[in-house]
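New to this one? Have a look at the fold below, and then we'll walk through a few parts of it.

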Amino acid sequence: MPLTKLHIGGLFPMTGTGGWLGGQGCQPAVEMALEDVNSRPDLLPGYYLSLTPNDSKCDSGLASALLYELVYEPPTKIMILGGCSIVCSTIAETAKMYNLVVFGYGSSSPALSNRSRFPTFFRTHPSATINNPTRVKLFKEFKWQRIAMILEAEEVFVTTAKDLEHQCKKAGIEVLTRVTFLSDPSDAVKSLARQDARIIVGIFYGGEARKVMCEAYKQNLYGKQYVWFLIGWYEDNWYLPVKGLNCTKEEMLRVVQGHFTTEAIILNRDNKQTVAGITAQQWLDRYHDRLNQSLGTSVRPEGEFPLFLSAIFAFLRFMSLNATMHKLKKRGIAIESFNYENKMISQEIQNSLRDTFFLGVSGEVKFTDEGDRIALTQIEQMVDGNYNLLGYYDTQYDNLSWASAPQWLETGSPPKDRTVIVEQL
Ligand SMILES: CC1(C)CO[C@@H](CC(=O)O)CN1
């Protein structure tokens, strides 16, 4: 009996200079997950899952064009996979008109939690706002009452910054300024310097982080009187100069010295069996071999690797669950009869996804009342080009646990959050 193919469209940020290029790590993982389901005759009997991957370059315009191609070119897709918030926000807003479920394997924008804007969007990755209570906790820890923000003009970062401003106000911490830039950060950095910002939170993609920190070097906004907070999921060696960056490696190493990062990590990943019948660690070993084969190097997609993995395991579990098939069969409907006008089948897929996330990976996934995922955040500090683990913060229980002490440049103690004027007696 020939198998019936179920087609999934994939948008993976593989190449390009801006954004997040985590597709290099995620596409092989998704391919492995589908192979695992297809290799088990007991999972989705009679069906075969087929992926149509595309390189989105983490570019919303290109992603829109690719989505229309996936929709208007046969065969019919039953789901779209997306990474990068700027891509997922664009495709999820459009996909709902085709009753297409979008599974976000790597997208952190707070805006994506808006169910009325994105009713068919699902993700396990927590919203980027998860970093904000950690940042505020550290401001309090080091008695910083006055902070500043610089951000890339993208919704994912603007919404995160707005939440940080709200958290700071609740904590009685002054937000001196929130400067935004589109592509060239020089004026924004100048504004920070002019306002004597000392404790600075930078919220942007890795490509822009290089530009901002190079500009901070040029304008002398670094060193023992400053502390920068950056995002913890940039690729390894993100700060090394690329073509067109007007800073040397030595200059970049000096300007990034001592900065803090925060990023969500999975609560824990016990070694329970995956639906592939192997443990998470065994799956990981297979995955690393696959990466070596496909990329020729051992690429670690990004810092909070386990989080993206829990997304893949959730996807794997969902795809191996034939709950949707059973429900539809009881109603005499075959899932392969899905088309973009068919709200009912889409609703069944969405109900199964909702059940899967809640039940399938509940050991790792907990949700806030707003439906956002709860996780720990990891705090690191860059010293001599390497990230040192400083500790973890559990927002739920307001528990900051230190693994090692921060290093303070030259002075041995945290800088002040403003110029201190010593009265001459
Ligand atoms: C897994 C994560 C943290 C998800 O957000 C990506 C950035 C984004 O939200 O576009 C980076 N990688």
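## Where two strands meet

Let's start with a pair of neighbours: strand S4, residues 101-106, runs parallel to S5, and three bridges join the two. One residue to look for is Phe 103, whose bridge partner in S5 is Phe 122. Keep in mind that this is a predicted model, so what you see here comes from a prediction.

## The sheet around them

That pair belongs to an open sheet of five strands, with parallel pairing and the order S2-S1-S3-S4-S5. Which strands stand at the edges? They are S2 (47-55) and S5 (121-123); each has a single partner strand, so one side of each is left without a neighbour in the sheet. Going from one strand to the next, the twist averages 25 degrees.

## A helix across the strands

Now find helix H1, residues 23-38. Helix H1 lies across strand S1 (4-12), S2, strand S3 (77-83) and S4, and it runs at about 170 degrees to S2.

Gly 25 is part of helix H1. Is Gly 25 buried or exposed? With a relative accessible area of 1%, Gly 25 falls under the 20% cut-off, so it counts as buried. Another residue to place is Lys 77: it sits 52 residues from Gly 25 along the chain, and the C-alpha atoms of the two are separated by 23 Å.

## Helix H2 and its buried face

Helix H2 covers residues 60-72, and you can check its length yourself. At 1.5 Å a residue, its 13 residues should span 18 Å, which agrees with the 18 Å between its end C-alpha atoms.

Which residues of H2 are buried? They are Ala 63, Leu 66, Leu 67, Leu 70 and Val 71. If you look down the axis of H2, these buried residues fall within an arc of 135 degrees, so they line one face of the helix. The cover over them includes S1, S2, S3 and helix H3 (85-95).

There's also a detail at the start of H2: a side-chain oxygen of Asp 59 comes to within 2.8 Å of the backbone nitrogen of Gly 61.

## Stepping back

Zoom out to the protein as a whole, and you'll find 12 helices and 15 strands. The protein has 425 residues, and 56% of them are buried. As for contacts between residues at least 6 apart in sequence, 71% join residues at least 24 apart.

Terms used
Residues are numbered from 1 along each chain as its sequence is written. This is a predicted model: local features need pLDDT of at least 70, side-chain atom pairs count only at pLDDT 80 or more; totals for chains, interfaces and linings use all residues. Side-chain values use heavy atoms; hydrogens and water are left out. Two strands pair if DSSP finds at least two bridges between them. Helices (H or I, at least four residues) and strands (E, at least two) are DSSP runs, numbered from the N terminus. Axes are lines fitted to C-alpha atoms, for helices over the stretch in contact, and angles run from 0 to 180 degrees between N-to-C directions. Contact means heavy atoms within 4.5 Å. The expected span of a helix is 1.5 Å times one less than its number of residues. Buried means under 20% relative accessible area, exposed over 50%, partly exposed in between (1.4 Å probe, protein chains only). The arc is that of the directions from the helix axis to the C-beta atoms. A polar contact is a pair of N or O atoms within 3.5 Å; within protein, one must be able to donate a hydrogen and the other to accept it, and residues adjacent in sequence count only if both atoms are side-chain atoms.
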